[in-house]
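Trainee: I have a new structure to look at, and I would like some help reading it. Could you walk me through a few features, step by step?

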Amino acid sequence: MTDSSSQRPEANSYHRPVMLPECIDALNIDPNGTYVDVTFGGGGHSRKILERLEGGKLIAFDQDDDARTQAENIKSSSFTFCQANFMYLKRFLKLNGVTKVNGILADLGVSSHQIDSPERGFSTRFDGPLDMRMDSHASLTAAKVLNEYSEDKLHKVFGMYGELKNARTVAALVVQQRANKPFVRTEDLKQGLQKVAPRGKENKYFAQVFQALRIEVNAEMKALEDFLHQCGEVMEKGGRLVVMSYHSLEDRMVKNYINKGKVFGELEKDFFGNAIKPFEAVNRKPIEASEEEIAENNRARSAKLRVAVRI
Ligand SMILES: C[S@@+](CC[C@H](N)C(=O)[O-])C[C@H]1O[C@@H](n2cnc3c(N)ncnc32)[C@H](O)[C@@H]1O
């Protein structure tokens, strides 16, 4: 077993925000406007938004207990924190007396703090419980997925969310192994899959396996779909939707929503031939991090930033 505590990074580096200036520019902030950061994390983006406000307000969301603790450090009357899943965007805005906003930022996935906390089970680098919940009050854990899902369901999870070429083999192996001993720790999983991991590429392979489980545990695709569909409803005309994703499935959903008005399916037109969709893309192609940023922050490597304006 790995000695996780000795490898734990410094606690002060909660999360290094990705494409910070690009996201802030993309929001096109009106100092008096109302903004939403639906993925507060360590608050890197939120703090920059707050710096631009004079009379405006920022409502931030995060479902994670540690993110809430970080948010408690922000003492500003312009700031409100909601410990909630962003799939309930509209509901929580309404609870805070907000019906229309001027910009929404989403920086999807998990924070470095979550990944670097061995006890959360997100990382392939440390041994920890097979947990992977962003919301520690939720009931589904990675162990439950591994020990209780059918082989078919596991195949889908590993294939769709992990993009594993041998997803079927992995699903069969998980089912076979759990019959002898249930999966409890991240090391159990890594050891169990060692023989099907491509030689020399084990780290990347396990990262894909862990990513698949994390997406399933947190119902990330469903949350993103529900969230996107509320953005058009709450956004003021001219307001900006700024979404940064790290997975091709997420990016495709964001792109479809911006271009077609829905996450799945084709663009619909009204009687006069006008497209029925709330947003227009500001950039045709997603913005990517500069080489300098990628060199300093490996997490920025897979980030794709899409920006749209409410029409
Ligand atoms: C990549 S981090 C955001 C980092 C942040 N921009 C910063 O600069 O520190 C993503 C955060 O979003 C949160 N999150 C992810 N999906 C969520 C959801 N559906 N609802 C609420 N929070 C979510 C995670 O708990 C995590 O803290």
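Trainee: Which element gives the most to the lining of the largest cavity?

Mentor: Keep in mind that this is a predicted model. To read a lining, go through its residues and see which element each belongs to. Here α13 gives the most, with 3 residues. Both α13 (248–260) and β7 (304–310) supply at least two residues each.

Trainee: Which residues line the largest cavity?

Mentor: The lining is made of K255, I258, N259, A281, N283, R284, R306 and V307. Sorted by character, these residues divide into 3 nonpolar, 2 polar and 3 charged.

Trainee: What volume does the largest cavity have?

Mentor: Its volume is about 50 Å³. A search of the whole structure for cavities of 30 Å³ or more finds 1.

Trainee: Now the sheet, please. In what order do its strands lie?

Mentor: To read a sheet, walk across it from one strand to its neighbour. Here 7 strands follow the order β3-β2-β1-β4-β5-β7-β6, forming an open sheet with mixed pairing. At the edges are β3 (79–82) and β6 (279–281), each of which pairs on one side only. On average, neighbouring strands of this sheet are turned by 20° against each other, direction ignored.

Trainee: Let me zoom in on β1. Are the residues on its two faces buried or exposed?

Mentor: For a strand, check each side in turn, and call a residue buried if it has under 20% relative accessible area. Strand β1 spans residues 34–37 and is covered on both faces. T34 and V36 are buried on one side, and Y35 and D37 are buried on the other.

Trainee: How many bridges join β1 to β2?

Mentor: There are 4 bridges between β1 and β2 (residues 57–61), and the two strands run parallel. You can follow single partners too: Y35 stands opposite L58 in β2, while D37 has A60 as its bridge partner in that strand.

Trainee: Through which helix does the chain cross from β1 to β2?

Mentor: The chain passes through helix α3 (residues 44–52) on its way from β1 to β2, giving a right-handed β-α-β crossover.

Trainee: And in what sense does β1 pair with β4?

Mentor: The pairing is parallel, with 3 bridges between β1 and β4 (residues 101–107). To find this pairing in the model, start from V36, which stands opposite I104 in β4.

Trainee: Thank you, I will trace those pairs on the model myself.

Definitions and conventions
Residues numbered from 1 in each chain as written. Predicted model: local features only at pLDDT ≥ 70, side-chain atom pairs only at ≥ 80, totals over all residues. Heavy atoms only, no water. 1 Å grid on protein atoms, 1.4 Å probe; cavity = no way out; pocket = protein on both sides within 12 Å on 5 of 7 lines; lining within 4 Å. Points joined across faces, edges and corners; volume = space filled by probe spheres on them. Nonpolar A, V, L, I, M, F, W, Y, C, P; charged D, E, K, R; others polar. Buried < 20%, exposed > 50% of the residue type's maximum accessible area, 1.4 Å probe, protein only. Pairing = 2+ DSSP bridges. Right-handed = clockwise from strand over helix to strand, strands pointing away. Axes fitted to C-alpha atoms, helices over the stretch in contact; angles between N-to-C directions.
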